[in-house]
Each structure stands twice: as C-alpha cells, then as structure tokens.
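Student: I should like to learn how to read the features of a protein model. May we work through one together?

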Amino acid sequence: MAPDIEKLSNLATEAAELVKKGSEVKSGGKENGGSEIISLHIDSSVMENSRGAEAPVEVPKAEESEQPSKGKKKESENKKSTYKGSKTHTIHLIDGEKGGVGKSFVSKAFIEYIQEKSLNFSIVDADSSNKDIGKIYTGCTEAYFSDNEKLHQEADKIFEMALKKSVLVNLPAQVYEKVTSWIDNNSLISLGQENGVRFIKWFICTGNHDSVQFFLKSLKHFENDLTHVLVKNQGLCDDWKYVEELSEYQDAKNKYGFTVMEFPKLAHWEKNMVDRLQIDFTSASTHKELGVVSKQKVKNFLKEAYKAFDETGLVQ
C-alpha cells in the first residue's frame, strides 16, 4: 500500500513539471491551436488502492477501541457475582421464634417438596424438644445450638454439610439469639460467599404483632446479607390486612424487597390425623384410616404447598 501512494505522488510531481515546461516542448500539436496536449497516464489500480487505503487502517482501530470496553464490562459483571465457584448450596433455616407457629409443619411439606423434585438435600432436625421430623423422615441429622462453647461443633456441622449439598434445618423455638450469634461470631456470611454457601431464612408468621416484630428484627439485623422469606401460615391466620398496613412492614418491604409466601391450610381433622399417626403427608394421602375425601384434601394441600415453594424460585 505504501509503494502505491509513493508512486502516485511521484507521478503528480512529474505532471506539474511537464505543465510548467510545456511552452518549451515542441510537438505536432498545431491541430489543437498550437497548444500541446500533455497526456498523463496513471495506472487505475494505483488510484483504487489509494482510495481504499484508509479503510484497512480504520477497521483495526475500531476493533481495538471496542476491546477494552468489552473487557471492562466483563470485569464489572464478575464483580456482581457474590459467591465464588460455579455451584452454590443453601442452608434453609425454618424459623418462627415462637412455639406453635407451624415450623415443623412447614418443614414436613418442604421435605416432601424436595423429595418430589428429587433434589439432593441434607435434613437437620435442631428441635431437640420434639424431634418430630426425625421420627418421620429417615436420614435426618440431629443438631442443636448452644451457648456452651464446648458444644458449638453441634451447630458447626450444619455449615460443613452445606459444602457438599444444600441443607434444610428445622429450628426450635426461642433460638434467634443463638443462631444469630453462631452466624455473626463465625463470619458465616462472608465464609459462605467464599465457599459457595448462602443462607435463606423461612420465617413462619402467624399474623400476630409479636410474630411480625420478630421477623422485622431478623430482617433489620441481617439486611440483604441473608435472604428472608415471610411465610404466611394460612392455617393460623386468614386475614393479613393488619400486617400489610403496618408502616414498619411496608418500609421493610420497600427497603429489602423480601419474598412473601402464602403457605396453604390443611383442614383441622386431617392435620390432627397426620400428627396422631406420625406419618408424612404423602402417606396420609393413601392411608386406610383417612376417607376418600380426607385423602383428597391432603393431596390438594400438597399440590398448593408445592406450588407455593415453586413460586418463590428459591429452592434449587
């Protein structure tokens, strides 16, 4: 490309010199009024190459200018990734703080949901006072939270298990302070980010003022470092207008954008039969001591519960 441009430049210089000396050149140009016609022949390929010379120069510059922006975009996207590694496991904490809010009830439905979906989970029953989860579902691991430093290993194994697969933990009542201290004192949020382990707290709410306040307390403490799900237990409250109109609730919803799940109600008689027989819901749907209609009620309950878990998009 450079030799062509140089050749064109030389030809232009020669043409200028010929025009300047035209009066001194004698030729058979009388047919044109005594003026000499000077013909300058330039190779057309030289002209074409000279016109297209700029295009190849600009294209590499455009590509070079785009490359850094792509690199910066990729770098910014990497910074948004909170958890390291390609696979993340979750510690699902089934909480409610108070007794009798339905923690074990929701845990049972949760366990059967992950079984239905064939998800690879570890199940931990940390409610040493009842142990109703371990009585019904095989393969459960017992653990508990203690103020005694010598017994902290009992809770630590939950995190160790989560390094291999997701874990569902059925918590006992009045354990908020112990669980919070366990997470904070061991920097488990940041440790989880380094090892691909996240926390989700499923807070079973009854709709009572105290229940809502316990939820807001946990939410304000952990903020967005720990995902919160407000589980509306429809079996204990069917009117949530009071909760939804609370200014504290609305402010927290706008600030943290927590997930709300409506957990379905199982009819009173069928619920009592499941508890008395100490069986899971799936078994109850075919049990001989339940009538045809009662079995259908259990099936409908499970269908609604599975749908509710699905809609959260948090169980993987």
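Student: What area does the protein expose, and what percentage of it do carbon and sulfur atoms supply?

Tutor: The model before us is predicted. The protein exposes about 18,900 Å², and 47% of that area is supplied by carbon and sulfur atoms.

Student: How many helices and strands make up the secondary structure?

Tutor: There are 14 helices and seven strands in the protein. Among the contacts with a separation of 6 or more, 73% are between residues 24 or more positions apart.

Student: What percentage of the residues count as buried?

Tutor: The figure is 39% of the 316 residues.

Student: Is S107 buried or exposed?

Tutor: A residue is classed as buried when its relative accessible area is under 20%. S107 counts as buried because its relative accessibility is 0%. This serine is found in helix α4, which spans residues 103-116. Setting aside residues up to four places away in sequence, S107 touches I94, I133, L168 and N170.

Student: How should one read a nonpolar core, and which residues have the most contacts inside the largest one?

Tutor: In soluble globular proteins, nonpolar side chains tend to be buried together. Here the largest nonpolar core has 39 residues, and those with the most contacts inside it are F110, W202, M261, F263, F281 and F309. Apart from that core lies another, of 24 residues, including F145, A155, V167 and V197.

Student: With which residues is W202 in contact, leaving aside its neighbours within four places in sequence?

Tutor: The contacts of W202 include the run H92, L93, I94 and D95. Also among them are F110, M261 and F309, each of which is listed with W202 for having the most contacts inside the largest core.

Student: Let us turn to the pockets. What is the volume of the largest pocket, and which residues lie nearest its centre?

Tutor: The volume of the largest pocket is about 520 Å³. Its lining has 25 residues, with G100, G102, F105, K271 and D275 nearest the centre. Helices α4, α5 (132-136) and α12 (268-277) each supply at least two lining residues; the largest share, four residues, comes from α4. By character, the lining divides into eight nonpolar, nine polar and eight charged residues.

Student: Which residues are closest to the centre of the second largest pocket?

Tutor: They are K87, T88, H89, S166 and Q316, of the 14 that line this pocket. Its volume is about 210 Å³. Strand β1 (residues 89-95) gives the largest share of the lining, three residues. The lining comprises three nonpolar, seven polar and four charged residues.

Notes
Residues numbered from 1 in each chain as written. Predicted model: local features only at pLDDT ≥ 70, side-chain atom pairs only at ≥ 80, totals over all residues. Heavy atoms only, no water. Buried < 20%, exposed > 50% of the residue type's maximum accessible area, 1.4 Å probe, protein only. Contact = heavy atoms within 4.5 Å. Areas by Shrake-Rupley, 256 points an atom, 1.4 Å probe, with all protein chains shown as cover. Core = buried A, V, L, I, M, F, W, Y, C linked by side-chain atoms within 4.5 Å. 1 Å grid on protein atoms, 1.4 Å probe; cavity = no way out; pocket = protein on both sides within 12 Å on 5 of 7 lines; lining within 4 Å. Points joined across faces, edges and corners; volume = space filled by probe spheres on them. Nonpolar A, V, L, I, M, F, W, Y, C, P; charged D, E, K, R; others polar.
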